[in-house]
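This briefing goes through selected strand pairings and side-chain interactions, grouped by topic. Please keep the sequence and the structure at hand while reading.

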Amino acid sequence: GADIAGTLELELKDLNKMIKGSAGLQKMKPSGKVVAEGSLNGDALDLKMCGIRAKIKSSDIAIYGLKLTDVIIDYAQAEGLGQMRSMRSLFYGGSLYASGKVDWTAKTLPYSINADAKDVQLEDLKTDAGFKDKDVSGSIKAMAALTGTFKDATRLAGTGRVSIANGRLWQLNLFKGLGSLIYTSDFSDIVFSEGSCDIKLAQKGFIINNFMLKSELLGLYGSGTIGFDRAVNATLRPEIREEAVDYGARGAIAMAVSSNTVIKIAGTVEKPEFKTKADLADVMGGIADAMFQ
């Protein structure tokens with residue numbers, strides 16, 4: 001039996017040695033040093049069943065290549081169930097709040113996490129997200145509920161929602177291709193005042209629904225998938241605002257064409273491929289209406 005109070009310093013990369021054979025941990029690539037202050041009581045030879053209360057702090061850690069600073073975690077454990085009662089940290093100019101639990105008694109070590117990120121700045125995030133040389137910006141909010149197992153990384157699943165305000169996105173490969181397809185003049189100064197999408201995490205990647213981006217001149221709507229191999233398969237419908245075209249018959253015709261045209265996206269995130277497809281019957285009907293008006 002043990003009844004211990006004290007401080008523990010731990011390098012997160014050493015978790016792979018403590019939880020051997022954990023594909024989930026290997027994929028997370030945790031790094032950084034944490035300091036835990038708290039107490040432990042119970043059978044010292046069966047730590048997973050011990051009672052634990054700890055306050056965990058770190059100035060800087062990384063998970064999945066993303067950095068969290070000024071991290072504070074409230075952790076409790078009893079009868080094999082570990083609970084992250086709360087976690088808060090700074091996150092790329094914004095904040096991140098989370099809670100979760102893990103069943104240490106189950107063979108696969110199943111866990112669940114709920115996370116809420118607010119006011120994350122895209123220009124701060126871009127270096128660790130893989131597009132540091134792009135002129136992009138915006139304020140991001142995200143909510144996610146994830147479940148998985150530490151023993152099997154393929155069983156990760158979840159749902160979430162992401163929104164962005166004042167987004168400058170045109171230098172990203174995906175949106176740069178869209179912009180050159182829709183506009184013949186410069187489009188880099190167009191800022192999306194709002195945008196959002198629902199995300200479902202499946203075995204092979206992300207399923208994206210209710211995708212929406214709005215600006216004064218252009219709206220984009222659609223759905224699609226992005227695989228863990230970064231393959232893209234999506235359909236977008238552009239909606240050009242009246243302010244973006246000339247008034248009169250010419251503008252009405254342009255809007256009739258755009259409202260009945262969809263953009264198919266394939267390829268990869270780095271090298272997307274675009275094709276346009278129009279519903280000719282609806283386009284012609286819209287043009288006829290414009291001409292008669």
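**Ser196 and its surroundings**

Apart from its neighbours within four places in sequence, Ser196 is in contact with Arg161, Val162, Ser163, Asn210, Phe211 and Met212. The model is a predicted one, and the points below start from Ser196, which is located in strand β10, before turning to salt bridges, aromatic rings and paired strands.

- Ser196 is buried, because its relative accessible area of 11% falls under the 20% limit.
- One of the contacts of Ser196 is also a polar one, since the side chains of Ser196 and Arg161 are joined at 3.1 Å.
- Arg161 itself counts as partly exposed, with a relative accessibility of 34%, whereas Ser196 is buried.

**Salt bridges**

Side chains of opposite charge can pair when their charged atoms come close. The count for this structure comes to 5 salt bridges, and three of them are described here, among them one that involves Arg161.

- Arg161 and Asp198 meet through their side chains in a salt bridge with an N to O distance of 2.6 Å. This pair links distant parts of the chain, with Arg161 in strand β9 and Asp198 in strand β10 (residues 192–201), 37 residues apart.
- Asp198 is partly exposed at a relative accessible area of 23%, and Arg161 is likewise counted as partly exposed at 34%.
- Asp135 and Arg168 form a salt bridge between their side chains, at 3.8 Å from N to O. Asp135 lies in the loop between α3 (122–129) and β8 (137–149), while Arg168 belongs to strand β9 (residues 157–168), so the pair ties together parts that are 33 residues apart in sequence.
- Asp135 has a relative accessible area of 41% and is partly exposed; Arg168, at 24% relative accessibility, also counts as partly exposed.
- Arg230 forms a salt bridge with Glu270, and the closest N and O atoms of this pair are 2.3 Å apart. Because Arg230 lies in the loop between β12 (218–227) and β13 (232–240) and Glu270 in the loop between β14 (261–267) and β15 (272–278), the pair ties together parts that are 40 residues apart in sequence.
- Arg230 is partly exposed with a relative accessible area of 40%, and Glu270 counts as partly exposed at 39% relative accessibility.

**Aromatic rings**

A pair of aromatic rings is described by the distance of the centres and the angle of the planes. A search of the whole structure finds 4 aromatic pairs, including the two whose geometry is given below.

- Phe91 and Tyr92 form an edge-to-face pair, with 4.9 Å from centre to centre and 75° between the planes.
- Phe91 is buried at a relative accessible area of 11%, and Tyr92 is buried with a relative accessible area of 11%.
- Phe206 and Phe228 have ring centres 5.6 Å apart and planes at 75°, so this pair is edge-to-face. Phe206 lies in strand β11 (residues 205–214) and Phe228 in the loop between β12 and β13, so the pair ties together parts that are 22 residues apart in sequence.
- Phe206 is partly exposed, with a relative accessible area of 34%, and Phe228 counts as partly exposed at 40% relative accessibility.
- Phe228 also has a charged partner, as Lys27 lies over the face of its ring at 4.7 Å from the ring centre.
- Trp104, Tyr111 and Phe150 form one aromatic cluster.

**Strands β5, β6 and β7**

Strand β6 is paired with β5 and also with β7, and Ala98 serves as a reference point in both pairings.

- Strand β5 (residues 81–91) and strand β6 (residues 94–103) run antiparallel and are joined by 9 bridges, with Met87 standing opposite Ala98 of β6.
- The hairpin formed by β5 and β6 has 2 residues between the strands, and Tyr92 in the turn takes a positive phi of about 50°; Tyr92 is also the ring partner of Phe91.
- Strand β6 pairs with strand β7 (residues 110–121) in the antiparallel sense over 8 bridges, and the bridge partner of Ala98 in β7 is Ala115.
- The hairpin of β6 and β7 has 6 residues between the strands, and Leu109 takes a positive phi near 55° there.

Key:
Residues are numbered from 1 along each chain as its sequence is written. This is a predicted model: local features need pLDDT of at least 70, side-chain atom pairs count only at pLDDT 80 or more; totals for chains, interfaces and linings use all residues. Side-chain values use heavy atoms; hydrogens and water are left out. Two strands pair if DSSP finds at least two bridges between them. Helices (H or I, at least four residues) and strands (E, at least two) are DSSP runs, numbered from the N terminus. A salt bridge is a side-chain nitrogen of Lys or Arg within 4 Å of a carboxyl oxygen of Asp or Glu. Buried means under 20% relative accessible area, exposed over 50%, partly exposed in between (1.4 Å probe, protein chains only). Rings of Phe, Tyr and Trp (its six-membered ring) pair if their centres lie within 6.5 Å; planes under 30 degrees apart count as stacked, over 60 as edge-to-face and the rest as tilted. A charge sits over a ring if NZ of Lys or CZ of Arg is within 6 Å of the ring centre and within 35 degrees of the ring normal. A polar contact is a pair of N or O atoms within 3.5 Å; within protein, one must be able to donate a hydrogen and the other to accept it, and residues adjacent in sequence count only if both atoms are side-chain atoms. Contact means heavy atoms within 4.5 Å.
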